[in-house]
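Please read the following report alongside the sequence and the coordinates. It moves from backbone geometry to packing and then to enclosed space.

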Amino acid sequence: MGRVEDGVTAEELEDWDPGTSALPAPGIKQGPREQAGTGPLSQKCWEPEPDAPSQPGPALWFRGRAHTQALAGGSSLQQLDPENTGFIGAETFAGLVHSHELPLDPAKLDMLVALAQSNEQGQVCYQELVDLISSKRSSSFKRAIANGQRALPRDGLLDEPGLGVYKRFVRYVAYEILPCEVDRRWYFYRHRSCPPPVFMASVTLAQIIVFLCYGARLNKWVLQTYHPEYMKSPLVYHPGHRARAWRFLTYMFMHVGLEQLGFNALLQLMIGVPLEMVHGLLRISLLYLAGVLAGSLTVSITDMRAPVVGGSGGVYALCSAHLANVVMNWAGMRCPYKLLRMVLALVCMSSEVGRAVWLRFSPPLPASGPQPSFMAHLAGAVVGVSMGLTILRSYEERLRDQCGWWVVLLAYGTFLLFAVFWNVFAYDLLGAHIPPPP
């Protein structure tokens, strides 16, 4: 095989790994490009230098050595961009690909069409091509796709035939979580079963094991907090033990009884696992733990005599974030019976909060001390609507590029700082009477 026209050798193309890096582009420099009538494409485009040789842009599209070699027979950026504008006609590009009878990732093909549709001249910036191949999706990238005027040429995922059980589940998750058909296809075709959603499953399993251990030890499975030995656990948050910082998180493994554990475990598996599959372990674990921590700190400020048990702070953070995302993207969501399911979810969550309020102020049996607070539920919901909604609306985008993320993070950090000072100084200054810990 000879040399590719004007730039990169076939041997260099064979050594290139499309899954890890973009094709080298000698003679192309990155810089701002402003062109009248080009639509809302990214501000960062690739502009060719005045006398620079053209580059084989089509090779960027393929995930395999054979695909790269097939296009190495003479195609160059000069053929796709003869005027050296830095923009490539999407139809010309797709036609070249199909002439070689090479398969494209369907999600990326749809992205290419949507990007071209967002441009009045039906072109795609070279930088957008590089971003698409490297799976990088900035805010401007998503805006360009959202502004496409014509319908995408492919049918929806619901029309995909011959799917196995697992791929059907992945498709179900895509329609449950994501509000945009382009995002759903992007997730469906890029999803890999490894690594699995281990965080929510591990937390739920640990909660069940801890509950079974304490149930067998106390010989009590309902309203365990009424047992005098229950509050002696090193996991429960108690205001008298607030100096032991780990309790502000570990209380999520303890539960009032079988009914609270069942409710939390069900929501963690039904909502938390799909969210983790789509948005990843890091984001969902951050959201869940932020809700748990906010719950205990809020109780230490607003209900200074009450202990806290249960993972409701994290559960309500996940649920409220998902429900808020559904409401904000109501027209785009395609999950079946979404109105009925939202009403049922709100009724169940409200009932759980009402039950927690009743147990806090009107316990059904005489108790030796204050019952667990319900404020963790409300704190988790606030975290979900603020921090969680920002996370879920930034699918496949870097959070650090979102201005709203930094605003939410600053607000949460301010709350944490205030709560720490409150726990250090306010109890003594206010003379709060705290029941002695067990």
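## Loop residues and backbone geometry

Asn219 sits in the loop that connects α10 to α11 (247-250), and in this predicted model its phi is positive, at about 55°, although Asn219 is not a glycine. The residue counts as exposed because its relative accessible area of 67% is over the 50% cut-off. Leu223 belongs to the loop between α10 and α11 as well, and Leu223, a residue other than glycine, likewise has a positive phi, near 50°. Its surroundings can be described by accessibility: with a relative accessible area of 15%, which is under the 20% limit, Leu223 is buried.

Another backbone feature is found in the loop between α9 (181-190) and α10 (198-218), where Pro195 is placed. The peptide bond that joins Cys194 and Pro195 is cis, with omega at about 0°.

## Annotated transmembrane regions

An unreviewed UniProt entry places the feature "transmembrane region" at residues 198-217, 248-269, 281-301, 313-332, 339-361, 373-392 and 404-425. For residues 248-269, the model gives 68% helix and 0% strand, with the end C-alpha atoms 23 Å apart. For residues 281-301, the chain is 100% helix and 0% strand, and the end C-alpha atoms lie 30 Å apart.

Ser296 is located in helix α13, which covers residues 281-302. Is Ser296 buried or exposed? Its relative accessible area is 0%, under the 20% limit, and therefore Ser296 is buried. When residues up to four places away in sequence are not counted, Ser296 touches Tyr237, Phe248 and Tyr251.

## Nonpolar cores

The largest nonpolar core contains 73 residues, and those with the most contacts inside it are Tyr187, Tyr288, Val383 and Met387. Helix α13 provides the largest share of this core, with 9 residues. At least three residues of the core come from each of domain 1 (86-134) and domain 2 (198-430).

Around Tyr187, once neighbours within four places in sequence are left aside, the contacts are Val170, Val173, Ala174, Leu178, Met277, Val278 and Tyr395. A second core, separate from the largest one, has 12 residues, and Leu223, Tyr230, Met231 and Leu359 are among them. Leu223 thus returns here as a core member, after its appearance above as a loop residue with positive phi.

## Enclosed space and helix α15

How many cavities of 30 Å³ or more are there? The count comes to 4, and the largest cavity holds about 140 Å³ of space. This cavity is lined by 17 residues, of which Val256, Gln260, Ala356, Pro372 and Ser373 are the closest to its centre. The helices α15 (338-361) and α16 (375-392) each supply at least two residues of the lining of the largest cavity, and the largest share, 4 residues, comes from α15.

Leu346 is also placed in helix α15. With a relative accessibility of 44%, which falls between the limits of 20% and 50%, Leu346 counts as partly exposed. In sequence, Leu346 and Ser320 are 26 residues apart, while in space their C-alpha atoms are 9.2 Å apart.

Methods:
Residues are numbered from 1 along each chain as its sequence is written. This is a predicted model: local features need pLDDT of at least 70, side-chain atom pairs count only at pLDDT 80 or more; totals for chains, interfaces and linings use all residues. Side-chain values use heavy atoms; hydrogens and water are left out. UniProt positions are given in the numbering used here, feature names are shortened, and annotations may be inferred rather than shown by experiment. Buried means under 20% relative accessible area, exposed over 50%, partly exposed in between (1.4 Å probe, protein chains only). Contact means heavy atoms within 4.5 Å. A nonpolar core is a set of buried Ala, Val, Leu, Ile, Met, Phe, Trp, Tyr and Cys residues joined through side-chain atoms within 4.5 Å. Domain bounds come from an automatic or database domain assignment. On a 1 Å grid over the protein atoms alone, a cavity is a set of points where a 1.4 Å probe fits but cannot get out, and a pocket is an open set with protein on both sides within 12 Å along at least five of seven lines; lining residues have an atom within 4 Å of a point. Grid points are joined across faces, edges and corners, and a volume is the space filled by probe spheres set on the points.
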